[in-house]
Every structure is written in C-alpha cells, then in structure tokens.
Amino acid sequence: MLGIFQNIEISHYIYLSCVLFCIGLFGVLFRRNAIILLMCIELMLNSVNLLMAAFTEYMGDQNANGQMFVFFIMVVAAAEAAVGLAILVMVYRNTKKTDVSFLDGLKD
Amino acid sequence: MIGLSIIFFSAIIILFTGIQKPEKKSKNLTVFSLLVAALFSLFENLEVINTQTLFAWVPSSMLDFNNFRLSMVALVLFLSAIIIGLMPSSEKKGSDLLGLTLFALCGGIIMLGSNHLVMLFLGIEILSIPLYVLAGSDKKNLFANEAAIKYFLMGAFSTAIFLLGCAFIYGGTGTLIFGEMQLKVGFAAHFGEFPILIKLGVILMSVGMLFKISAVPFHFWSPDVYEGSPNRVTSFMAIIVKICGFVAFAQLMSNFEPMHSWYIKWLIPISGITILLGNIAGMVQKSVKRTLAYSSIAHAGYLILFLLIPYAENAQILFVYSLSYGLSTSVMFYLIDKYSTADNFDFTIFKGIFNSNKLDAMALILAVLSLAGIPATIGFTAKYVLFSKAFEYNQWAVVIGLVGSAISIVYYFKPFKYAFVNENLLTNRESSLFTNILLVLAMLSIVVFGLIPGIIL
C-alpha cells in the first residue's frame, strides 16, 4: 500500500495541492457565506499540509521537519476555527445572519 | 528570552486571577510587569545579567535572541507599556482582555526571536488569534463585530498564503531553519538561476507578511478594522503588530539576500505605491481614526524601504524608526481615545484643546510634528537616517518617500486648525496621575531623541 504513494511523482502532489489551494482561494474571494469561507480557509491549510507531507517523503528528511510542521498547522487551524466560529456566533446574535454581505457598515 | 518568560507568566496570572475583577484593578500590574520585562530585556542586552545557563535548554535553531533582537524586544515591551498605560480601562469589562493582550505580545516576541519557520508561523498565530478576539471585544457594537470578522478572515487567509510559501521554500531548500536556508540559497546563487520553487515561496511568504503589515495592494482590510476595533486594540494593532511583523519579515528576507536584486524589483514598486496611496487616501478622510489608519499604511511603505538596505546595516535605523513610529502613534491614539465620543471621530474633537488642557495640547503638537517628520522630533531623526541610507541604494524610491512625506503634512496638520481655537473642549475627561506620567515620559522621549539623536544612533 505504501508503495503506491511513493511511486507517484512529486510534481503530481504539487499540482494537486495547488489546485486544492486555488479552490480554497477562489472560494474565499467569491463566496458570501461566512461558514463556507471558514471551510475554504481550512481547505487552503489542508492543501499546504498535503504538500508538506509529500515534500518530507520526497526528500527523505530524517528529522521529518515537514511532517512536524503539519502537526503545528493542524493545531493552529483548530484554534483558529474555534475563535472564528465564536466570532461568527457573536455576529449571528446581533444580525441574525451568517452572510458576510453585512460587512459594509465601515466606509470612507 | 527573560522578557518572554516574564510576560508569559504575568499573562497567566492576570488572565486567571482577573476574570472576576474589573480591568481597572489589573491595569497597573500589567503595565508594571511590562516595564519590568522591558528593563530585564535591556539588562540582558547590555549583559548586566547572564541568562545563557538559564535558557540553555532552548535550541538556538528555534529561538535565538541576539543583541538586535533583544533591543527590539525591549522596545516592543516598552511601547506596549505606554499603549496599555495610556488607555483608560473600563469598569465593566473583566481583566481577561489585558491577559489576552499580553499573550498576543508573547507571540510578537516569538516572531522577533524566531530562527525557524515553525517558530515564525507560531509567533504570527499567537499574535493574531488573541487579536481576533480583542478586535471584537465590544460585543454589542456592530462595527466592532464587522472589524473582528474582517480581521479574522483576512488574517486566516494571509496565514494560508504564507504557509504555502513555507511549503515551497521547504521543497526548494529542504530545510526550515533560517541559517541552513541561507546556505542553500547562497549555494544556488553560484549556479546563476534560482529554482522556481524558492522564487514562488519567497513571493508567497512576502504576500502573507505584506498582508500583516497592510501594505498596498493588501491593505484594503486595515482601515475598516482599525476604525471598528476598540481604541486600545487599534493602537496595539497599528504599532505592535506592524513593528513585529515587519522586523520578522526583514529577518526572513535577510536569508534570501543573494536574491536581493531580484526581490527588490517588485518590493520597491510596492513600497512606492503604499507610500503614495496611503498618504493621498489619508488626505480625504473625515474620521481621525481612519486618517491614522491610512497614515499607518503609509508608514508600512516607509518600512519596506528598509529592505533596500542590506540586513547587516539596517539594524540600528530599524530600531530608531520603530521607536519613533510607535511613540508618536501611541500618543495620537491616546488623544483620540480621550476626546472622541461614540459618534464623533471628526477632527473637531480637538477644538479648543490648547485652551483647556495644556499638557495634552503639547502632546498633540509633538506627536503630529514627529509623525510628519519635522526637525527636533524623533520622527525627523528616523526619517533622516532611513532616507539617507536608502539613497545609497535607490534614489527614486527615496524621492517617492520624500514626496509622500510632503503630502502627509496636509492631513497631519489638520488638528492644528482646531487646536488653537479660543473655545472649550466638547468632551473633557480627567486623566489619572499615572497616565500623565507615562504621557510625559513619551513626550520626553520624542523630544530628547530628536534633539540628541546620538543616544540611540
């Protein structure tokens, strides 16, 4: 089973992560629902995780630096999601919306 | 290092003993611990105390505080003591907000001392996550809600871009440690062309960091966030986040110095646009807070000029510039917080300030002169050393910087139109003795370092 993953070239991993990252990026730029925005940001972070793990395997890093980085990204992403959802709940209590279209009160 | 430990433990104490207490009771303890930590960092820097054995367990490939970094840590701690000390604390809110501010500061110090991409990333996040909470700490205020969610979305978005850059750098160099990265990049420089992975990584990491210091074209979130957040948080964001973010960015870029002539090609235009757009947009603003937000965008542009100068030479001037920017901006935010009301952020809040409160009027004059870079203030010293040094490397960038400074005078001097009117202030609040002492300290540093720049140069 492990062999299959090692036989895939590194370039495929790079393309896959870039595609995943761009899906997340365009989601953040064009979607309006704050929860979907959060999911898109998670997708971006997870594509980075995939790339980090692939690079570690590819370079045969003895200290597995990249994979260690993945754990840190996971922990931080969880903390960020917790704070983000808390902010969303606060906003929902005041506006009864999870849409980011209310973000136009502050203007020049 | 010892500053980081002091701030960390006092943050825990203030967070857990202060949840029930109003903010007012913990404020003095917070400011005191910040000043003590700043003093110890200074001692550590001057090698009065030796902490080598105490912190021998920290691998220097992760966190390494050399002399320049220690002086920046002391500076950041001192500035946050002034920011927190100057702002009045509310009776209603708990002091957990002060604890969170200290935790954010821990993140800033980790960013300053990081020697490893993981530590840099953790520092950015430890700085940002408490600030997302703090930006929305005014729960019922819709503007604060908007600021919080905007700051959160943009912060998380820029972190993701930064991380993709880290991954590419890891793929290109095979290491996450700054020192080894520098070796690899220097090695690649001998073969002429740099690998595409490294170039992409540098661009993406720069975009992430430019988001944090709100340089144009990644600045669109910052005026809204600065305007919506509570005053103390805005002050903290405009000063500490910008200084820590930029110093970390400069340290990161110093590892790619063999590519200097390549990354300068796109950083100089960014700096020029940031200076011009920040200053021109600042001219047309009505609200003081928003004007200062654009002023801080323009200052991000001046900061990027530091990247023109090789890293080994710019340590001292970076310190002076950060000190000048931090002192004058924190005094301005203090005055805005003191005289503005919930629905009035116009320049008219300063009407008659000279008539009613001489000390605050003096502070206003000094802060404005220093921000505009008029001689005899620290702002002039900072801009002078920056421009004269950068002039050796790129003349046009400095010309744009000078034009920007000239434009900025238009909006910095707006308060003077109202300050000397022979009327009384619209809102007059008394400051405590402690606040006034800190204000005088900040004013003295603005004047003394401006008149005798030899002390810090």
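Here are a few questions and answers on chain B of this predicted model.

Q: Why is chain B said to agree with a compact globule?
A: For 457 residues, the rule of 2.2 Å times the number of residues to the power 0.38 puts a compact globule near 23 Å, and chain B has a radius of gyration of 21 Å, which agrees. Its C-alpha trace spans about 70 × 50 × 45 Å along the principal axes.

Q: What makes 58% of the residues in chain B count as buried?
A: A residue earns that word if 20 or more other C-beta atoms lie within 10 Å of its own. Of the 457 residues in chain B, 58% are buried.

Q: How do you know that the buried residues of helix 1 of chain B line one face?
A: The residues in question are B:G3, B:L4, B:I6, B:I7, B:S10, B:A11 and B:I14. Seen down the helix axis, they fall within an arc of 160°, so they line one face. Their packing partners are helix 2 (23–46), helix 3 (67–86) and helix 4 (96–113) of chain B.

Q: What makes the span of helix 1 of chain B close to the expected one?
A: This helix, residues 2–17, has 16 residues, and 1.5 Å a residue gives an expected 22 Å; from first C-alpha to last it reaches 22 Å.

Q: Which residues make up the side of chain B that touches chain A, by class?
A: In total, 33 residues of chain B are in contact with 31 residues of chain A. Helix 6 of chain B gives the largest share of that side, 17 residues. By class, the side has 20 nonpolar, six polar and seven charged residues.

Methods. Residues are numbered from 1 along each chain as its sequence is written. Chains are lettered from A and ligands numbered from 1 in the order in which they are written. This is a predicted model: local features need pLDDT of at least 70, side-chain atom pairs count only at pLDDT 80 or more; totals for chains, interfaces and linings use all residues. Two residues are in contact if their C-beta atoms, placed from the backbone, lie within 7 Å. Helices (H or I, at least four residues) and strands (E, at least two) are DSSP runs, numbered from the N terminus. Ala, Val, Leu, Ile, Met, Phe, Trp, Tyr, Cys and Pro count as nonpolar, Asp, Glu, Lys and Arg as charged, and the others, Gly among them, as polar. A residue is buried if 20 or more other C-beta atoms lie within 10 Å of its own, exposed if 12 or fewer, and partly exposed in between; C-beta atoms are placed from the backbone. The expected span of a helix is 1.5 Å times one less than its number of residues. The arc is that of the directions from the helix axis to the C-beta atoms.
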